[in-house]
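Trainee: Hi, could you walk me through this one?
Mentor: Happy to. Let's open it up and go topic by topic.

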Amino acid sequence: MHSAISLSLSSPSPITVRSSGGAASSSDLFFRTNSSPSQLRFCGLRREAFSGCKSSSNAVVFKQLRPNTRISASSSTNGAPSKGYDYDLVIIGAGVGGHGAALHAVEKGLKTAIIEGDVVGGTCVNRGCVPSKALLAVSGRMRELQNEHHMKSFGLQVAAAGYDRQGVANHAENLATKIRNNLTNSLKSLGVDILTGFGSVVGPQKVKYGKVGGSETVITAKDIIIATGSVPFVPKGVEVDGKTVITSDHALKLETVPEWIVIVGSGYIGLEFSDVYTALGSEVTFVEALDQLMPGFDPEIGKLAQRVLINPRKIDYHTGVFATKITPAKDGKPVTIELIDAKTKEPKDTLEVDAALIATGRAPFTQGLGLENVSVETQRGFIPVDERMRVIDSKGKLVPHLYCIGDANGKMMLAHAASAQGISVVEQVSGKDHVLNHLSIPAACFTHPEISMVGLTEPQAREKAEKEGFEVSIAKTSFKANTKALAENEGEGIAKLIYRPDNGEILGVHIFGMHAADLIHEASNAIALGTRIQDIKYAVHAHPTLSEVIDELFKSAKVKNDVSSAVAEPKQNKEQKKERKEKKEELMSGAQGTLPPGSTTATTYSSVTGGENKSKMDIHSKEDAGMVQIDKIQDKVEDCAGRGGPVFGDCVSATVEAQEQGRRDKPDPGVTGTG
């Protein structure tokens, strides 16, 4: 959503007049270009991510800002805009999605600006996933210290654990501030123009920004991305006072730890806060409109999670009910919550508690964006888009050069999904078609233990199978069989694989257990890359690690048509081998001719081939000689491996022989650089 930048600057000045080269006026700022600042990079889910994040070699950092200027940082990394526009790309909203898009845009050479009306980082960094993880880190440690049986199993004796509420709150606030500053600095260092104010669309390829009630500036852009995010959703009949009836925004400040708190909604947000509050001593009551808790999770995982995360703790619940009216505490009276049956709408109960947390989801922040100026109508507040995040108008037609990413489009309301969508859009505006596979995007709930998932749940997979006519199989593994989990006394948990036994396609993976949020990415990347079970089951995992839970999961799956053979040589290595072969043939054919112009070095072919050919041969350079020698060593080892020699038998002998040959015939490292 709109975030704000906390900088002591005056209102933005009009757009700086730039020369054809796109350089900023010298009055904008002073640069120091001889440094290499560390940059916060978001690879995201994109094709380039698998070859590593690229870093700019000529990044620019601020040395000094003149007072009363907007943040303008045009540099060679944030290139000149397309002719006729102020910018190649303008992004409205500097949350995680907008930030990821901006960084990738600069990497692609696009002149980029980001409009921010609140604080950089948006909901995730300031009021969501970042500060909540700080609170959950505290709750995890408190649970461990409070579990006397768990500590004794390690042979440890710990006195009664306590906490300082303000200290816990400060930890969350400090983390959010640190990450927010990191994001801001990364934008500055790459030369992204940060325009402070509320942004809106005024027409095709045209945006205005400024403070509410103040002056506004109009800018043009070849392409525009809306990344305004979301706000907590508060149902009708709920009166939020920010003290006793709160949303997640208020709860993250941890101004109080109530003795008894009702949490309305048992999704990700509600579950995580129940973990925090119960660890700090509160009693929790869930109010859930559907007939079961955790309705968004795979049913089997949800059932196990309820047995571990809810039943043993000071938590009770009401399912199948609506909270039609919630009144804050006042005049010595408690918070009152009126419940009705979700189906019959008949009154069910009235609760009187110390506090209520509204965790009923989030609503898109799309009001006041000027969408009517481009004939766009929201659907339940969400901006309609196609699979490429292109905005669709009220007549079903695409709005040229206008995109929407993140919570505002409602496709997948996760911070990393927003970043991935932003990167996908930048790929498109840079001339490379890209469609994001949302089924490959993982999700996680950071309770203790954690829950993670990617792809389809079992009911979703079976519904899809029935429609498309294929079979679904299930494989499971337990954390109780994992050495690392047992060493940590954390054997509670399972991993579940949903797949097609006919072709090995991974349909979904769900994990409940220690560090589940970290383990899910092997499965999500496999889905993103289209990797089949019969291929990934040959992957090697370090022992003993929690990753072996996933290793065993894939190995336990039974695929009928195992179309893959043993592990194939990576494509890159095949290409490198082909290049080496062609280079050798070129060198060998050169022995029959004369030394090419500019060549000054010759060597004996016998020194490279081990004496197989005693004739003289011209080698273009010592670098080529080194390449052939290294190639010979690699060929010997590869040939050994191809024969299937034992690890401690002839394979080792061949390797030692090749290494010894290399030491005898290795070219001068000072000349070739191969030493």
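**A chat about the fold and its contacts**

Mentor: Of the protein's 675 residues, 48% count as buried. Keep in mind that this is a predicted model.

Trainee: Thanks! How many helices and strands are there in the protein?
Mentor: The protein has 20 helices and 27 strands.

Trainee: And what share of the contacts with a separation of 6 or more comes from residues 24 or more positions apart?
Mentor: Those residues account for 67% of such contacts.

Trainee: Let's do aromatics. How many aromatic pairs does the structure hold?
Mentor: It holds 3 aromatic pairs. One of them is Phe 198 with Phe 365, an edge-to-face pair with 6.5 Å from centre to centre and 75° between the planes.

Trainee: Where do Phe 198 and Phe 365 sit in the chain?
Mentor: Phe 198 is in strand β6 (residues 198-203), while Phe 365 is in the loop between β18 (362-364) and β19 (390-392). They are 167 residues apart, so this pair links distant parts of the chain.

Trainee: Are those two rings buried or exposed?
Mentor: In between. Phe 198 counts as partly exposed at 27% relative accessibility, and Phe 365 counts as partly exposed at 24%.

Trainee: What about Tyr 268 and Phe 297, why is that pair called tilted?
Mentor: Their planes are at 45°, with the ring centres 5.3 Å apart, so the pair is tilted. Edge-to-face would need planes over 60 degrees apart, and stacked would need under 30.

Trainee: Which parts of the protein does that pair tie together?
Mentor: Tyr 268 lies in helix α7 (residues 268-279) and Phe 297 in the loop between β12 (283-288) and α8 (299-310). The parts being tied together are 29 residues apart in sequence. Tyr 268 is partly exposed, with a relative accessible area of 33%, whereas Phe 297 is buried at 5%.

Trainee: One more ring: what lies over the face of Phe 470?
Mentor: That's Arg 500, at 4.1 Å from the ring centre.

Trainee: Back to α7. How does α7 cross α3?
Mentor: The axes of α7 and helix α3 (residues 129-146) come within 9 Å and cross at roughly 45°. That makes α3 oblique to α7. The crossing is left-handed.

Trainee: Which residues make the contact?
Mentor: On the α3 side they include Leu 135, Leu 136, Ser 139, Met 142 and Arg 143. On the α7 side they include Glu 272, Phe 273, Asp 275, Val 276 and Ala 279.

Trainee: Asp 275 catches my eye. Is Asp 275 buried or exposed?
Mentor: Asp 275 is buried, with a relative accessible area of 0%. Setting aside neighbours within four places in sequence, Asp 275 is in contact with Leu 136, Ser 139, Arg 143, Arg 313, Thr 447 and His 448.

Trainee: Got another helix pair for me?
Mentor: Try helix α1 (residues 96-107) and helix α9 (residues 415-429), whose axes come within 7 Å and cross at roughly 30°. The two are therefore roughly parallel to each other, and their crossing is right-handed. Among the residues that meet are Gly 97, Gly 100, Ala 101 and His 104 in α1, and Ala 418, Ser 419, Gly 422 and Ile 423 in α9.

Trainee: Now α15: which of its residues are buried?
Mentor: In helix α15 (residues 548-556) the buried ones are Glu 548, Val 549, Ile 550, Asp 551, Leu 553 and Phe 554.

Trainee: What covers them?
Mentor: The cover includes strands β23 (473-478), β24 (494-499) and β25 (506-513), along with helices α12 (516-519), α13 (521-529) and α14 (533-536).

Trainee: Last topic, strands. Is Thr 285 buried or exposed?
Mentor: Thr 285, which lies in strand β12, counts as buried at 2% relative accessibility. Not counting residues up to four places away in sequence, Thr 285 touches Trp 260, Ile 261, Val 262, Ile 263, Asp 316, Tyr 317, His 318 and Leu 351.

Trainee: And Glu 338, what does Glu 338 touch?
Mentor: Glu 338 is in strand β15 (residues 335-341) and is partly exposed, with a relative accessible area of 36%. Beyond residues up to four places away in sequence, Glu 338 touches Phe 322, Ala 323, Thr 324, Lys 325, Asp 349 and Thr 350.

Definitions and conventions
Residues are numbered from 1 along each chain as its sequence is written. This is a predicted model: local features need pLDDT of at least 70, side-chain atom pairs count only at pLDDT 80 or more; totals for chains, interfaces and linings use all residues. Side-chain values use heavy atoms; hydrogens and water are left out. Rings of Phe, Tyr and Trp (its six-membered ring) pair if their centres lie within 6.5 Å; planes under 30 degrees apart count as stacked, over 60 as edge-to-face and the rest as tilted. Helices (H or I, at least four residues) and strands (E, at least two) are DSSP runs, numbered from the N terminus. Buried means under 20% relative accessible area, exposed over 50%, partly exposed in between (1.4 Å probe, protein chains only). A charge sits over a ring if NZ of Lys or CZ of Arg is within 6 Å of the ring centre and within 35 degrees of the ring normal. Axes are lines fitted to C-alpha atoms, for helices over the stretch in contact, and angles run from 0 to 180 degrees between N-to-C directions. Angles under 35 degrees count as roughly parallel, over 145 as roughly antiparallel, 65 to 115 as roughly perpendicular and the rest as oblique. A crossing is left-handed if the near helix is turned anticlockwise from the far one by less than a right angle, and right-handed if clockwise. Contact means heavy atoms within 4.5 Å.
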